[in-house]
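Student: Before we start, could you show me the model, so that I can ask how each term is justified?
Tutor: Here it is, and we will set each value against its definition.

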Amino acid sequence: MSDLNKLGLAEARDLLRKGETTSVELTESCLKAIDAADALNTFVHKTPEIAMERAKAADARIQAGDAPSMCGLPIGIKDLFCTKGVASQAASGILEGFTPEYESTVSQQLADAGSVMLGKLNMDEFAMGSSNETSVYGNAVSPWRRGNDDAELTPGGSSGGSASAVSADLCLAATGTDTGGSIRQPAAFTGIVGIKPTYGRCSRWGVVAFASSLDQAGPMTKSVRDAAIMLETMCGHDPKDSTSVELAVPNFEAMLTGDIKGKKIGIPKEYHMDGMPDEIEALWAEGRAMLKAAGAELVDISLPHTKYALPAYYVIAPAEASSNLARYDGVRFGHRANLAAGDGITEMYEKTRAEGFGHEVQRRVMIGTYVLSAGFYDAYYNRARRVRALIKKDFDDVFAAGIDAILTPATPSAAFGLGEMNDEDPVKMYLNDVFTVTVNLAGLPGISVPTGVDHQGLPLGLQLIGRPWEEGDLLNTAYALENAAGFVAKPGKWW
Amino acid sequence: MSIDKDTAARVAKLARIKVEEDALPALAQEFNTILGFIEQLNEVDVEGVEPMTSVTPMRLKRREDVVTDGSQQDKVLANAPDAREGFFAVPKVVE
């Protein structure tokens, strides 16, 4: 069978169970596609030996009749996840050469379920960025182009390598992480599905920390069904993460009925932003019409503190990052600067961190240091945490009023060109996350579903936001939207 | 609230990141852009609102105060830039 790499998780699983293909064949197909796609710069640490070993083990398991859904399915792992014996750098120079002695809980669960790791995927440094342009490995490149224009486009960020690799069919699916939109924005930019579950669903243990109160892992896949399958494997209580919730993980796939009759879908008026392109407004209107036609009831709602989400995020996330990234001191792991004669420990810290961190990471660590410093802690950090409480209350109120899910655009535009934002001030880049960041601040599940293309042929996505812990219901609404939209566009192969 | 060059230098020092003297004015300018954006939070009435400590209303789990891990010195030191005789090695800290 040819082009096995183009399959999704569900299709490949079903073929494996019927004995019509093997994990070894699937894995070889993906490894070949990866080696032919260096121009996309997605797989930054390839692990073909591990992949073939796991594929053979998976085939044996399938033969023996002991095969969970993910068994034998080749996937990519974002570089933010620590993987035992395999370089895990969070796309940072400061973790150059770091090879963990342990495995993150999420990647361990995926491995235990029999999935096949193909390698580590490019990302923004420490997951700080919206375009995958802050990576020490260089930019990840989107497989999508604007018509015949050969300008390279961003796959989004921070999970840009994951998005590009899934969209270009280099793997069947990939892990991502989402602190302010880092799964949903790249998914929307590349025409794939990405879900960030409720905060606490996926263990953060072994995932390099950016902003601990916001970080969540999630799957990036070719369909909503695939997202349901992979999310179930990634979720679950972990005693090693104190914020991991002790709740049973439902069979998400079994909840995909496509029936959303009578569901109340909230349409928040504050998400009509000034200067939003007509195409995004039109996409959103189409999405509303699709859900209505599927039997849902549309309800106009208000989330009054929406406009304060990004500024609150740009206090809270850098504050937590400045604390989390204090561990990169040149002592225990990663890079240490060469020191001059007479340099003491302070010079070691300062030179190591100046050399090891990229510009955006340094900027955020310093902003975080400033907002936490004596005299500003109340004015910035505590105020931002109060505003965060109000943002969460906005959502609590609409859910208490009976709303089942909220429909919004995923991004304020289609993907932009790599380098196009270089001359803009940093805040302009931050605006990419305007529709997604509220969800992290409120700890809610959110999913991005591709539903259309813009006038240049680039994918656009809509976001659905669900009630806490109700990923199954959210996935089902997303499934109905996916069925109605019938998005089938794929990037033409140029790489 | 405007950040000048000296404040930028102080913040860099607190963050333990070496910033060259000639890079400080541009850094201060970037801080001001971002802080200007953050200033919007002052418009919000937060009177009587408690700062959020946990996004999910859960009590942190407790466990028995017992040793559950350890005895893996080699693994702990495996990634150190400079490890000697079972220790992390650093420049002289005390005279």
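Student: How do you know that the length of α9(A) agrees with what is expected at 1.5 Å a residue?
Tutor: First, a word on the source: this is a predicted model, in which local features need pLDDT of at least 70 and side-chain atom pairs count only at pLDDT 80 or more, while totals for chains, interfaces and linings use all residues. Residues are numbered from 1 along each chain as its sequence is written, and chains are lettered from A and ligands numbered from 1 in the order in which they are written. Helices (H or I, at least four residues) and strands (E, at least two) are DSSP runs numbered from the N terminus, and the expected span of a helix is 1.5 Å times one less than its number of residues. With 16 residues, α9(A) reaches 22 Å from its first C-alpha to its last, close to the 22 Å expected.

Student: What makes α9(A) mostly covered?
Tutor: A residue is buried if 20 or more other C-beta atoms, placed from the backbone, lie within 10 Å of its own, exposed if 12 or fewer, and partly exposed in between. In α9(A), 14 of the 16 residues are buried.

Student: Which helix gives the most to the largest nonpolar core?
Tutor: The largest nonpolar core (a set of buried Ala, Val, Leu, Ile, Met, Phe, Trp, Tyr and Cys residues joined through C-beta atoms within 7 Å) has 165 residues, and those with the most contacts inside it include A312(A), V315(A) and L475(A). Helix α9 (residues 309-324) of chain A gives the most to this core, with 10 residues. In soluble globular proteins, nonpolar side chains tend to be buried together.

Student: What is L475(A) in contact with, leaving aside its neighbours within four places in sequence?
Tutor: Two residues are in contact if their C-beta atoms, placed from the backbone, lie within 7 Å. Among the partners of L475(A) on that basis are V224(A), F252(A) and I447(A).

Student: Why is G402(A) called exposed?
Tutor: G402(A) has 10 other C-beta atoms within 10 Å, so it falls in the exposed class. The place of G402(A) is in the loop between α12 (377-400) and β9 (405-409) of chain A.

Student: And why is T56(B) called partly exposed?
Tutor: T56(B) has 13 other C-beta atoms within 10 Å, so it belongs to the class in between. T56(B) sits in the loop between α2 and α3 (73-77) of chain B, and, leaving aside neighbours within four places in sequence, it is in contact with Y199(A), G200(A), V245(A) and G443(A).

Student: What makes chain B more spread out than a compact globule?
Tutor: Chain B has three helices and two strands, running α-α-α-β-β from the N terminus on. The radius of gyration is taken over C-alpha atoms, and the globule rule is 2.2 Å times the number of residues to the power 0.38. For 95 residues the rule gives 12 Å, whereas the radius of gyration of chain B is 22 Å, well over that value, so chain B is more spread out than a compact globule. Of its 95 residues, 15% count as buried.

Student: How many residues of chain B are in contact with chain A?
Tutor: There are 37 residues of chain B in contact with 55 residues of chain A. The largest share of that side of chain B, six residues, comes from α2(B).
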